[in-house]
Amino acid sequence: MRRFTVLVVGLALTAGGGSAWAHEEHEHGAGTVPQQAPGEAAAQEQTLTGEVVDVFCYLSHGEEGLGAKHAGCAKKCIKGGLPVAIKVGDQLYLASMADHTAANERLADLAAKQVTVRGQVMERDGQHLIAISSIEPTE
């Protein structure tokens, strides 16, 4: 019986290995949605309008890390690879592109400006993210 149990467990681990490897490699493929974890909110396509901010300055400098007076610094920080977000009201949405690439290059020149973005909005553990499919400056 013990040998049978080991064989069944070994086969189960081997069968699950392929799907675990595909997930680690982020090979979701075009048009597919990753599996949702229990208790996780489903991603929904939404349109958001807000300010492009560099997260470091926003969190470390408060109101001085926002707006036109901070645009040059924000642009430099975003181009340098620091996290970028869209600030909508009192909520920050970390930004990435829908194709799993960083949004920094696309958003750096829009730092401190208002934009309208469309994409999949996700929330987990109090954090919000938008996987952007389109960007339109609103100013």
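**View 1. Strand S1 and its two antiparallel partners.** Strand S1 is joined to strand S2 (residues 84-88) by 4 bridges, the two running antiparallel, where helices (H or I, at least four residues) and strands (E, at least two) are DSSP runs numbered from the N terminus, and two strands count as paired if DSSP finds at least two bridges between them. Within this pairing, Val-53 has Ala-85 of S2 as its bridge partner. S1 (residues 44-54) is also joined to strand S4 (residues 114-124), again antiparallel, through 8 bridges, and here Thr-47 is matched with Arg-118 of S4. The model shown in these views is predicted, so that local features need pLDDT of at least 70 and side-chain atom pairs count only at pLDDT 80 or more, while totals for chains, interfaces and linings use all residues. Residues are numbered from 1 along each chain as its sequence is written, and side-chain values use heavy atoms, with hydrogens and water left out.

**View 2. The barrel and the parallel pair S3 and S5.** In the order S1-S2-S3-S5-S4, 5 strands close into a barrel whose pairing is mixed. Neighbouring strands of this sheet are turned by 55° against each other on average, direction ignored, the axes being lines fitted to C-alpha atoms (for helices over the stretch in contact) and angles running from 0 to 180 degrees between N-to-C directions. Strand S3 (residues 91-97) and strand S5 (residues 127-137) run parallel and are joined by 4 bridges, with Ser-96 finding its bridge partner in Ala-131 of S5. Helix H3 packs on the sheet, where it touches S1 and S2, and its direction makes about 115° with that of S1.

**View 3. The two sides of helix H3.** Helix H3 (residues 71-79) has Ala-74, Cys-77 and Ile-78 as its buried residues, buried meaning under 20% relative accessible area, exposed over 50%, and partly exposed in between (1.4 Å probe, protein chains only). These buried residues cover an arc of only 95° around the axis, which puts them on the same side of H3; the arc is that of the directions from the helix axis to the C-beta atoms. Gly-72, Lys-76 and Lys-79 are exposed on the other side of H3. The buried residues of H3 pack against S1, helix H2 (55-61), S2 and helix H4 (104-107), with contact taken as heavy atoms within 4.5 Å. Just after H3, Gly-81 takes a positive phi of about 100°.

**View 4. Salt bridge between strands S1 and S4.** Glu-45 forms a salt bridge with Arg-118, the closest N and O atoms being 3.4 Å apart, under the rule that a side-chain nitrogen of Lys or Arg lies within 4 Å of a carboxyl oxygen of Asp or Glu. Since Glu-45 lies in strand S1 and Arg-118 in strand S4, the pair ties together parts that are 73 residues apart in sequence. Glu-45 is partly exposed, with a relative accessible area of 36%, and Arg-118 is partly exposed as well, at 34%. By this rule the count comes to 3 salt bridges.

**View 5. The salt-bridge network at Asp-109.** Lys-75 forms a salt bridge with Asp-109, the closest N and O atoms being 3.1 Å apart, and this pair links distant parts of the chain, with Lys-75 in helix H3 and Asp-109 in the loop between H4 and S4, 34 residues apart. The side chains of Asp-109 and Lys-79 also meet in a salt bridge (3.7 Å, N to O), and here the two residues are 30 residues apart. Salt bridges that share partners thus join Lys-75, Lys-79 and Asp-109 into one network. Lys-75 is partly exposed, with a relative accessible area of 33%, and Asp-109 is partly exposed at 45%, whereas Lys-79 is exposed at 56%.

**View 6. The nonpolar cores.** The largest nonpolar core has 20 residues, and those with the most contacts inside it are Val-52, Leu-107, Val-117, Ile-132 and Ile-135; such a core is a set of buried Ala, Val, Leu, Ile, Met, Phe, Trp, Tyr and Cys residues joined through side-chain atoms within 4.5 Å. S1, H3, S2, S3, S4 and S5 each supply at least two residues of this core. Apart from it lies another core, of 6 residues, including Val-53, Val-55, Leu-66 and Leu-92. Leaving aside its neighbours within four places in sequence, Val-117 is in contact with Gln-46, Thr-47, Leu-48, Ile-86, Ile-130, Ile-132, Ser-134 and Ile-135.
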